[in-house]
Amino acid sequence: MLAARSARLLSSIWRVLVGVKDALVLLFMLLFFGILFTLLAGRPNSAAYISDGALLLRLDGTVSEQPAPADPLAALSGNLPLREFRRDDIVRALEAAAGDDRVKAVVLDLDRFVGGGQVALGDIAEALDKVRAARKPVLAYATGYSDDAYQLAAHASEVWTEPGGGALIAGPGGNRLYYKGLLDNIGINTHIYRVGTYKSFVEPFTRADQSPEAREATNAYLSVLWTRWQDGVRRARPRANLDAMLTDPAATIRAAGGDSAEAARRAGLVDRIGSRLDFDRRVTEIVGSEDDARPWDWKRIRLSAYVDAHPIEENGTPIAVIPVVGDIVDGKAPAGTAGGETIAAHILDAVADEDVKAIVLRVDSPGGSVLASERIRTALLQAKARRLPIVVSMANVAASGGFWVSTPADRIFAEPDTITGSIGVFAIIPSFERVLGRYGITSDGVATTPLSGQPDITGGTNAAFDALAQASVDNIYARFTNLVATSRRMPVERLRTIAEGRVWAGADARQNGLIDAFGGMPEAMAEAARLARIDPAKTYPRYFEDGPDPFSEMLQKWANDGSDEAEDGRAPAGWLAQSAWARQAWTSAMIADLQRMVRGGGVEASCLSCAGFLPPRAPRAADEGLLMRWLGLAG
């Protein structure tokens, strides 16, 4: 009895000690984050200290329509993902800089720029032209220019590269991965239900190569994008001999003695070859130095500070802008991913806002879940019930589910190099009877109906379930085509000839009647105002989206030392380094494909090739580990 009481007493004391320990840890964490928050919040507002100099656009990372939020724990550890810059922020800053006497020049540091999508970069290029039109120099620098980096650099008044650097233009296209051999080796069966001759999203799971239909469609839209890219560069640099670097770059470089930088200079793609120090001294000649003893330390205006100093002017009538960016997924999702419930809630918020007189849906998505896409579309119908005009502005990509959510629009704007269409649906369900059989595992049981236990991922689907699943996909495809035909005011029979899951460039999509006009956000905003019978000059965009978490944002600035200038090792520098980094793109794509197959079951409206025209994102370490385990299992 005494021993039992002693044990209970010791147990009580232990619980008290553990409780005290937990309370102290919690108190310490609260104190730590409180002090950190105070220090960060106490920093002076950089926007209030804009002086004269050069506006620095150091784009270490990617350009995005809606940057993904920072992970607070990653920010604390310094293990931040690739930095993302909002397209609208850059455009607004450049347009303000064109008329700002304090901005003497613009510096484009593209040494670690990874990409941003052809449409988004076209918008930035137009803003750079406005700076040039204001007779302000634009200077670009990079060790080596990739396609996306050079799309911007071509609009600079001076293009610099390092000795041994240059501009190596690859053009759009390339291979993608096909998993049929991997799945056969592992012993996984994939049950595919789809509609659309060109709906090639499922091909990696059923083929070892690209189908002729997919190749035909891909060639068609890539030729439009490639022509548009070349035309834009040639207009910006009419004296450049672009063909020499495109037709036989190796011969062009050999003719320059093997010096790729000199080859680019002779071809007129770059103007000057020099080190970063040489480049900095050149900028100092134009805008002056912070310190006469440091002639390379030129007066600079950080992009983040300049954006803060030039917020959107909220004068007049608001037009709601609702971004649909990234994969469309069920439920809620953070910025950078289009959660059906999240975006529907933003739409309903805009509908409930009596000040809002129209809605612009900004779509940059390859599609995704049909249920989530329908959730977004249904929310937009509430706007129509309130007689709010709806205008869709398509960015780099608005395909499959991205087109589904666009069907309630009164008008659809896209650029000639927007990727759209892909009107088709599919579903994938894996089963593991073969891989289980290798280990002597079988399944058996009793079914009371043909659908009992279906879909059976351990024993395989049966004919009754396959017929039901295909009928469901057929039904959703019929609904998809009817929605598009009704919204585009064309007979469904004609719509089906341009549907079938085929992807179109915006130039062809307009001819086919899938979009109404060419244009970007300014044109979409003006059209929304016109439909609402408002003077476009008396409107402004009011964004309905999840704003950045202030604490996470401050942690990210703290991790970056509050600067746009610190070199970001997460983004590679130089053409060869960026080419090596590109392996992460296929790793990320493979992870997404395999996760989609394993998750399976839901009907999706997604575009296979469209994700390649969105800003790249590096895979997480945990996802790479998952991929390695898959490949190990296959071996």
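A residue is called exposed when its relative accessible area is over 50%, and buried when that area is under 20%. Keep those two cut-offs in mind, and let us try them out on the model above, which is a predicted one. Arginine 489 has a relative accessible area of 72%, so it counts as exposed. Arginine 533 reaches 80% relative accessibility, and therefore it is exposed as well. Tyrosine 540, on the other hand, has a relative accessible area of 5%, so it is buried.

Now step back for a view of the whole chain. The protein has 635 residues, and 50% of them count as buried. Its fold contains 25 helices and 25 strands. If you take the contacts between residues at least 6 apart in sequence, 78% of them join residues at least 24 apart.

Let us start our walk at a helix, α12, which runs over residues 276-287. Its twelve residues should span 16 Å at 1.5 Å a residue, and because its end C-alpha atoms are 16 Å apart, expectation and model agree. Which residues of α12 are buried? They are Phe279, Asp280, Val283, Thr284 and Val287. These buried residues cover an arc of only 145 degrees around the axis, which means they sit on the same side of α12. A general point helps here: an α-helix has 3.6 residues a turn, so residues three or four places apart point the same way. The cover over the buried residues of α12 includes the strands β1, β4, β6, β7, β10 and β11. Just after the helix comes glycine 288, with a positive phi near 90 degrees.

Helix α3 gives us another case to look at. It has twelve residues, and from its first C-alpha to its last it reaches 17 Å, close to the 16 Å expected at 1.5 Å a residue. Nine of those twelve residues are buried, so α3 is largely enclosed by the rest of the structure. Among the buried ones are Arg87, Asp88, Ile90 and Val91.

Helix α3 also leads us to an open space, the second largest pocket, because the largest share of its lining, six residues, comes from α3. This pocket has a volume of about 820 Å³. Its lining is made of 29 residues, and those nearest its centre are Asp88, Val91, Glu95, Pro522 and Pro541. Two or more lining residues come from each of α3, α4, α21 and β24. Sorted by class, the lining holds 14 nonpolar, five polar and ten charged residues.

Strand β24 is where we meet tyrosine 540 again. What does this residue touch, leaving aside residues up to four places away in sequence? Its contacts are Glu313, Glu314, Asn315, Gly316, Thr317, Pro318, Ile319 and Met525. Alanine 529 is eleven residues away from tyrosine 540 along the chain, and their C-alpha atoms are separated by 9.6 Å.

Some spaces are closed off inside the protein. Rolling a probe the size of a water molecule over the atoms shows where empty space is left. The structure has three cavities of 30 Å³ or more. The largest has a volume of about 90 Å³. It is lined by 15 residues, and Gln66, Ala335, Thr342, Ile343 and His346 are the closest to its centre. Helix α14 gives the largest share of this lining, three residues. The lining of the largest cavity divides into eight nonpolar, five polar and two charged residues.

The second largest cavity has a volume of about 50 Å³. Its lining includes Glu65, Arg86, Arg87, Asp88 and Tyr543. Both α3 and β13 supply at least two residues of that lining. Here the classes come out as four nonpolar, no polar and five charged.

We end with a few spots in the backbone. Most residues other than glycine have a negative phi, and most peptide bonds are trans. Arginine 489, in the loop between α18 and α19, has a positive phi near 55 degrees. Arginine 533, in the loop between α21 and β24, has a positive phi near 60 degrees. Glutamine 454 and proline 455 are joined by a cis peptide bond, with omega about -5 degrees. You can find proline 455 in the loop between α17 and α18.

Technical notes. Residues are numbered from 1 along each chain as its sequence is written. This is a predicted model: local features need pLDDT of at least 70, side-chain atom pairs count only at pLDDT 80 or more; totals for chains, interfaces and linings use all residues. Side-chain values use heavy atoms; hydrogens and water are left out. On a 1 Å grid over the protein atoms alone, a cavity is a set of points where a 1.4 Å probe fits but cannot get out, and a pocket is an open set with protein on both sides within 12 Å along at least five of seven lines; lining residues have an atom within 4 Å of a point. Grid points are joined across faces, edges and corners, and a volume is the space filled by probe spheres set on the points. Helices (H or I, at least four residues) and strands (E, at least two) are DSSP runs, numbered from the N terminus. Ala, Val, Leu, Ile, Met, Phe, Trp, Tyr, Cys and Pro count as nonpolar, Asp, Glu, Lys and Arg as charged, and the others, Gly among them, as polar. The expected span of a helix is 1.5 Å times one less than its number of residues. Buried means under 20% relative accessible area, exposed over 50%, partly exposed in between (1.4 Å probe, protein chains only). The arc is that of the directions from the helix axis to the C-beta atoms. Contact means heavy atoms within 4.5 Å.
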